[in-house]
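Student: Could we go through this model together and check each label against its definition?
Tutor: Gladly; here it is.

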Amino acid sequence: MDPNEFGTSTVPLQHAPYGPITEENLKGANKGKVAVVTGAAQGIGAGIAESLAKSGANVAILDLSVEKQAKTKEACEAQGVKVGVYACDVTDQEKVVATIDKIEQELGPIDILVNNAGILDQRPLIMSTFDSFWKQIEVNFKGPLLTIHTMLPRFRDRGAGCIINIASRSATVDVPMTLGYVTSKAALTRATHTLQREMALDGLDPAICLYALHPGGVLTGMGGTGAGQDVLDKYGDVRDEKFFMDLFKDPPALCGQTCAWLASGQGKELRGLFIDCRQDVTRLLEKGRDALLKEKRNVLTVNFLDGYANEP
Ligand SMILES: NC(=O)c1ccc[n+]([C@@H]2O[C@H](COP(=O)([O-])OP(=O)(O)OC[C@H]3O[C@@H](n4cnc5c(N)ncnc54)[C@H](O)[C@@H]3O)[C@@H](O)[C@H]2O)c1
């Protein structure tokens, strides 16, 4: 891996909750709200659920099984909020709708939806079964769109809602051997931009806000997995696993606290955008929404040669 391929930030990146997104600053910021976090059994999802609980939200945590979520449940309950635990495969439409209905019966109307559940199968397409390639699109893209499709009419009827999609920096770059992952995350990010525009069509912008996040590099079940031995045997260490491992140094709380901050409404000016949790949100707010949109910052875009516009 050539470290110069992507450049190096000249502004320091954040690797822990900072300024506006610290626990102290967000204490009570989401008091009484109801938040749903998918894939909350472990890793980043567990961190998001805990941060939302620390900011006062009652949380519904979802994952493939209830048992897997015992630790997250305990950590959230320690914050003195209501916690519901649900077994739900986010790719199963019937189950998603039934689970959301159950959450609203048990905890009340949902205010915040965090689509965090995700999977990664690190192998080139030519060495994948089609099913294992497609499964990533199902979990990482269909899953979030199913929860959003279920929640949107309810948010519309209540005139408010916050949707946070945990995408990835992978949405913005080419990473060989992760085709299902990069394409599903790019689709999720594009959906975030476009759906925010659809909210405007219905007079629901900024009442309903969507965001796409890169959580940073977090050593989790997924973050810590490399390519399989069969792939390494065939291609060698193409991705430079050590280089990547050194980058996985961010705590789940960096993303968790960013979610709590966005859920509190303080980041509404950034709605519809892709936000890298390592970059200070204060700088984005200082830049201002109009300039961010005009300069096409924090959106997926194509840079054509000077003189060629991306005209219809
Ligand atoms: N770890 C990183 O550095 C990193 C970087 C960029 C983006 N992300 C994204 O962050 C999110 C969380 O990743 P993580 O690193 O904590 O991974 P993880 O593997 O530790 O956790 C993912 C969770 O999602 C759950 N899950 C998987 N399929 C599911 C399904 N069909 N229905 C419900 N739950 C399901 C798993 O059981 C697991 O608990 C993912 O969307 C991932 O793509 C992670």
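Student: Which residue just after H5 takes a positive phi?
Tutor: Gly159 does, with a phi of about 75°. H5 is a helix, meaning a DSSP run of H or I with at least four residues, numbered from the N terminus. This is a predicted model, in which local features need pLDDT of at least 70 and side-chain atom pairs count only at pLDDT 80 or more, while totals for chains, interfaces and linings use all residues. Residues are numbered from 1 along each chain as its sequence is written.

Student: What makes the span of H5 close to the expected one?
Tutor: The expected span is 1.5 Å times one less than the number of residues. H5 has 29 residues, so 42 Å is expected, and the helix reaches 41 Å from its first C-alpha to its last.

Student: Where does H5 bend?
Tutor: At Lys142, by about 35°, with Pro144 following within four residues. The bend is the angle between axes fitted to the seven residues ending there and the seven starting there.

Student: Why are residues such as Val139 and Phe155 of H5 called buried?
Tutor: Buried means that 20 or more other C-beta atoms, placed from the backbone, lie within 10 Å of a residue's own. Val139 and Phe155 are among the buried residues of H5, so they meet that cut-off. The cover over the buried residues of H5 includes strand S1 and helix H4.

Student: How many charged residues does the shell around the ligand have?
Tutor: Two, beside 12 nonpolar and 15 polar residues; charged here means Asp, Glu, Lys and Arg.

Methods:
Helices (H or I, at least four residues) and strands (E, at least two) are DSSP runs, numbered from the N terminus. A residue is buried if 20 or more other C-beta atoms lie within 10 Å of its own, exposed if 12 or fewer, and partly exposed in between; C-beta atoms are placed from the backbone. Two residues are in contact if their C-beta atoms, placed from the backbone, lie within 7 Å.
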